[in-house]
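Me: Got a minute to walk through this one with me? I'll keep the questions short.

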Amino acid sequence: MPVLQSSFFSASDLDSAEPVRCALVGAGAFGSCLLGQAQMLSRRLTVPVICDTNVPMVLDVMRELGEEPPTVCDNHAAAQSALSAGETVLVGDVELLKGLPVDIVVVATGIPTVDAEVAFH
């Protein structure tokens with residue numbers, strides 16, 4: 001398979017010391033695919049924050065990917081503390097994403113009303 005070329009990124013961008021930190025909202029079909037892709041791109045993309053209300057499903061996805069289970073956090077302070085310790089966190093409320101140290105938020109719920117709610121927050 002040929003390597004895709006991009007006019008937006010150069011080879012030096014891909015060798016950057018700091019990966020992009022992503023908060024993922026929705027870890028179902030598309031979200032779990034992104035988590036799998038992030039494993040292969042770990043030097044450029046990490047997913048330290050997952051937001052989903054279905055905790056058992058997220059734990060199953062992480063187990064299937066061979067990843068450590070995320071730390072389930074129900075408040076902002078717990079999420080900050082877990083992230084500072086290098087843990088992946090799982091929150092069930094998009095409000096808890098505010099102020100967390102991420103560079104981008106990927107909304108992968110497939111539910112337009114939820115997607116809109118995330119966009120407004």
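Reply: Sure. A word on terms before we start: helices and strands here are DSSP runs, at least four residues for a helix and at least two for a strand, numbered from the N terminus. The model is predicted.

Me: Fine. Where is Gly 92, then?
Reply: Gly 92 sits in the loop that links β4 (89-91) and β5.

Me: Is Gly 92 buried, exposed or partly exposed?
Reply: Partly exposed. Its relative accessible area is 45%, and the partly exposed class lies between 20% and 50%.

Me: What does Gly 92 touch, leaving out residues up to four places away in sequence?
Reply: Cys 51, Asp 52 and Thr 53. Asp 74 is 18 residues from Gly 92 in sequence, with a C-alpha to C-alpha distance of 7.2 Å.

Me: Switching to the sheet. What's the strand order?
Reply: β3-β4-β2-β1-β5. The sheet is open, has 5 strands, and its pairing is parallel.

Me: Which strands stand at the edges?
Reply: β3 (71-72) and β5. Each has a single partner strand, so one side of each lacks a neighbour in the sheet.

Me: How many bridges between β1 and β5?
Reply: 4, in the parallel sense. In that pairing, Cys 22 has Ile 104 of β5 as its bridge partner.

Me: And how many join β1 to β2?
Reply: 5, and those strands run parallel. Val 20 stands opposite Leu 45 in β2.

Me: What handedness does the β1, α2, β2 unit have?
Reply: Right-handed; together they make a β-α-β unit.

Me: Stay on α2. What span should the helix have, and why?
Reply: 16 Å, because helix α2 (residues 29-40) has 12 residues at 1.5 Å a residue. The expected span uses one less than the number of residues. The end C-alpha atoms of α2 are 18 Å apart, which agrees.

Me: Which α2 residues are buried?
Reply: Gly 31, Leu 34, Leu 35, Gly 36 and Ala 38.

Me: What covers the buried residues of α2?
Reply: The cover includes β1 (20-25), β2 (45-51), α3 (55-64) and β5 (104-107).

Me: Last topic. Where is Glu 18?
Reply: In the loop between α1 (11-14) and β1.

Me: Is Glu 18 buried or exposed?
Reply: Exposed. Glu 18 has a relative accessible area of 59%, and the exposed class starts over 50%.

Me: How far apart are Glu 18 and Arg 44?
Reply: 7.0 Å in space, C-alpha to C-alpha, and 26 residues in sequence.

Methods:
Residues are numbered from 1 along each chain as its sequence is written. This is a predicted model: local features need pLDDT of at least 70, side-chain atom pairs count only at pLDDT 80 or more; totals for chains, interfaces and linings use all residues. Side-chain values use heavy atoms; hydrogens and water are left out. Buried means under 20% relative accessible area, exposed over 50%, partly exposed in between (1.4 Å probe, protein chains only). Contact means heavy atoms within 4.5 Å. Two strands pair if DSSP finds at least two bridges between them. A crossover is right-handed if, with the strands pointing away from the viewer, the path from the first strand over the helix to the second runs clockwise.
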